[in-house]
Structures are given as C-alpha cells and as structure tokens.
Amino acid sequence: MFLSKKEERILEGEEGEAARLAMRTIVKVGEALGASRLVEIEHAHVSGVSYLNIGDPGLEFIEHLANLDARIRVFGTINPLSFDLDSPHEFNITVEEYEKQLRIINALKKMGFNPTFTCTPYYIRKPSLGEHLAWGESSAVAYVNIVYGARTNKEGGPIALLSAIIGRIYYSGLHLTENRIPRVYFKTTFNTSNTVEAGLLGYIIGKLSKGRTAYLENNIQWKESWVKAYAAAIGTTSDNPLTIIENVSPETNLFNKEYIEDKITITREDLEEAYNELVDNSSQEQVVFFGCPHLGLEELRELVLTTKGYDKPIIVSTSRYIYAKAVEENLVKKLEEKGIKIIKDTCPIVSRLFKPNTTVKTNSTKASFYLKRLRKVKTILSDYGETGG
Ligand code: F3S
C-alpha cells in the first residue's frame, strides 16, 4: 500500500505507540481488502461501546489505547450505552456493569470523543457530499451514504476507533466512486407511505442487492423518518448499505443504465412476506417503542401532534443532544403529559430495556430484527398512527 511520508512516520512510531498500533492495523486490514492507499477522514463514529455488548475484552481494548495516551485527530462520536446515564437503576444492571460502562466512557472521553451516546451522529455533525468518514453503526452509515452522499463503509467499532486515532481509513469500498455506481435497479408497485413500509423495503432490498449498490425509483417525497427506517433496515441485511433513492439522494447522477445488472420489482406481497418473517402476530403487545434509530426533532414533533394516548406504556428513545433541544421546544413536557416515557443514551438492543419474552410493538424493522435474535423479545411492527398515535 502506498503511504505518504507522514503516514510512514506514524507507522514507525514517531507519533506515539497508540498511533503506531492504529496505523499498523488499518494498513494491514486495508491491504487485505486490496486498498491502494489511505484516505483522510473528517469524522469517526464508534459503535460497540455498551459494556453489555463488548464485555471485558472490549473494555480492556479501549482502556489500553487510552493508557497509551491515544488522542483522536478528527471529530469523534460514540454509539449508545447499556443504560441512560440519568436513570441507570431502571435498566436492570449490576453495580459492576455500571462501573465498567463508566470506565469505557471515561477512556473514550480521554481520547477526545464527544460523549454523544447516539446512533444518529448526523444530527450533531452533518456530513457533506463526498466527505470521507469512518463510521461504525450500520443505520448511520447507510443514512449518510444515502442522504448526504458522504462516503463510509460499514466499519466495526474497533476499526472506527483506530481510524479516529490516525485520522485515516483505507481507500476501498464506498470511498471509491466506481463502487457507488448502482448495479441493481429497484422499483415498487406501490408508493411508500409510512416508516414500517420503508423499513421493510430496506430489509428486502438489502437482501436482493447482494452487496451491490442499489438504485430505487421513487416518485414521491420521503419523510426523514422513512429514510431512517429504510437505512436502519438495509444495514441488517447488506454489507453495502448504499441505495441511491430518487428524490432523496444527491448522487442520482451516478446512475447509468449500462451498469445495471438486474431490474427488480417489489410488490406489497413481498412486504407482507418480510413482515411475517420478522413479527410475532400471535401475541398482544405489552409495551410500545419508538426510537430505533434514535428519534430526531421532526419525529418527536410528529409524536406530540399525533399521539392520542394508549392503554399500553409508550417508550421513546433519543440522544441527549436531541433531548436538550426537545426540552427547549417544550416537546419533552408535552410528551410526558401524554404518558410517554423518554429515554436517552441507550437502545433496546444494547441494554436490558425489555425482558426476554416481552412483546413490543414498534415501527422499526431493525429493532424487530435484532430484538428477536439478540434479546429474545417478540415484536409487532406498526406505524405511529396505529400505535397510540
Ligand atoms: Fe440505534 Fe440501537 Fe437501533 S443503536 S439504530 S437504537 S439498534
């Protein structure tokens, strides 16, 4: 792999042991992927910071880097934790788990990461067209590729962390324009009309595109929440989460019919099949959940306007960044008055928010996919309007 003089100096350890280790790893992985060089990044987002997810090996890795005096060179954000920092006692964790989670946070903060604890870092720093990033968190990776035309592969948490330390990532995959050119063309026999349909569509297209960049014909304007649902879902079924969506994505100019290998039409029956794969309609919901990915202000405003009250508890999840803005707009008070509970910093997949065998009604295909597999929680998929909204 070609390295600049500066990159060679980092590799030789001139900028410290942590940077040397980070450069060595990124170069080795990049070489294995066939990358010809590195590319400078503007922002790294690290996933895998919940102690319940990464356990002692993850904690030791992060603390090891912090103890080597690692410092990040770019803007850095981090994914959700195993509890809300303002109400940890509600998340069924032990004192030891609590303390270890705090050690992870402190080590990341020492390296220079912003304590964001969210899967929606694009609300905190909006990427620009063509900008290179090293992000973990598949929903966010898909969202920024689709919506902003920013360039990041679906990186693992440790790789995103090491990239932050050297400010670079291997130049491969979606960093290259040639890999962003759509190879498979999708159209639907219906107009997407809610978050559940958008999520199911992402889930199906992720499967059918088989790692290729997709193009989605779409003649209506999508809401932000639909794109988030689509992006989160495609991240569950594809390693290449880029879909160029008409009326959404800035890179429609990359479409060239000469490169299209397959044309696929998705019908309502396909949505229904995917729905049945994910949900458990035989049980009755005990709780309603919105916020996978973390809700933005638009979605919180929509909930205030549409929620009429419900006979089951409703929990919504957001970042502390959006929460602070929602307090300023008086949205938190209005939601609480409707009996809605708002949690921050965490998510149901990396925490013990829901006990196994609980049935949760949600509008998130991604939550439905992982709650079933990782937390043994049953789900029913339903949109705002049908769920107390
Ligand atoms: Fe975010 Fe957790 Fe869903 S990290 S996208 S709320 S699985």
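Let's start with a charge and a ring: K344 lies over the face of Y323, 4.7 Å from the ring centre. Keep in mind that you're looking at a predicted model. There's another pairing of this kind to find, where the charged end of R373 sits over the ring of F369, at 3.9 Å from its centre.

Now follow K344 into its strand. β12 covers residues 340-344, and it belongs to an open sheet of five strands. Read across that sheet and you get the order β12-β11-β10-β13-β14, with parallel pairing. Which strands stand at the edges? They are β12 and β14 (378-381), and each has a single partner strand, so one side of each is left without a neighbour in the sheet. As you step from one strand to the next, the twist averages 30 degrees.

Is β12 left open or enclosed, then? Four of its five residues are buried, so β12 is largely enclosed by the rest of the structure. Its partner is β11 (residues 314-318), which runs parallel to β12 and is joined to it by five bridges. To see the two strands side by side, look for V316, which stands opposite I342 in β12. Over at the β14 edge, four bridges join β13 (residues 359-362) to β14, and these strands run parallel too. Here the residues to look for are T359 and, opposite it in β14, K378.

Next, move to another open sheet, this one made of four strands in the order β8-β7-β6-β9, again with parallel pairing. β8 and β9 are the edge strands, pairing on one side only. On average, neighbouring strands of this sheet are turned by 25 degrees against each other, if you ignore direction. Three bridges hold β7 (residues 214-216) to β8, and the two run parallel. A handy spot to find is A214, whose bridge partner in β8 is T243.

This sheet also leads us back to aromatic rings. The structure holds twelve aromatic pairs, and one of them is Y185 with F255, a tilted pair at 5.7 Å centre to centre and 55 degrees between the planes. Why is this pair worth tracing along the chain? Y185 lies in strand β6 (residues 184-188), while F255 lies in the loop between β8 (243-245) and β9 (262-266), so the pair ties together parts that are 70 residues apart in sequence. The two rings don't share the same surroundings: Y185 is buried, with a relative accessible area of 12%, but F255 is partly exposed, at 29%.

Compare that with W222 and W226, an edge-to-face pair with 6.4 Å centre to centre and 65 degrees between the planes. W222 is buried, with a relative accessible area of 8%, and W226 counts as buried as well, at 9%. Elsewhere, rings gather in a group: Y122, Y123, Y143 and Y148 form one aromatic cluster.

Let's finish with helices. W226 falls within helix α9, which spans residues 224-237. What does α9 pack against? Its partner is helix α11 (residues 297-306), with an angle of about 120 degrees and the axes 9 Å apart. The crossing of α9 and α11 is left-handed. If you want to see where they touch, pick out E224, S225 and K228 of α9, and then E298, E299 and E302 of α11.

Definitions and conventions:
Residues numbered from 1 in each chain as written. Predicted model: local features only at pLDDT ≥ 70, side-chain atom pairs only at ≥ 80, totals over all residues. Heavy atoms only, no water. Phe/Tyr/Trp six-rings, centres within 6.5 Å; stacked < 30°, edge-to-face > 60°. Buried < 20%, exposed > 50% of the residue type's maximum accessible area, 1.4 Å probe, protein only. Lys NZ or Arg CZ within 6 Å of the ring centre and 35° of its normal. Pairing = 2+ DSSP bridges. Axes fitted to C-alpha atoms, helices over the stretch in contact; angles between N-to-C directions. Left-handed = near helix turned anticlockwise from the far one by under 90°. Contact = heavy atoms within 4.5 Å.
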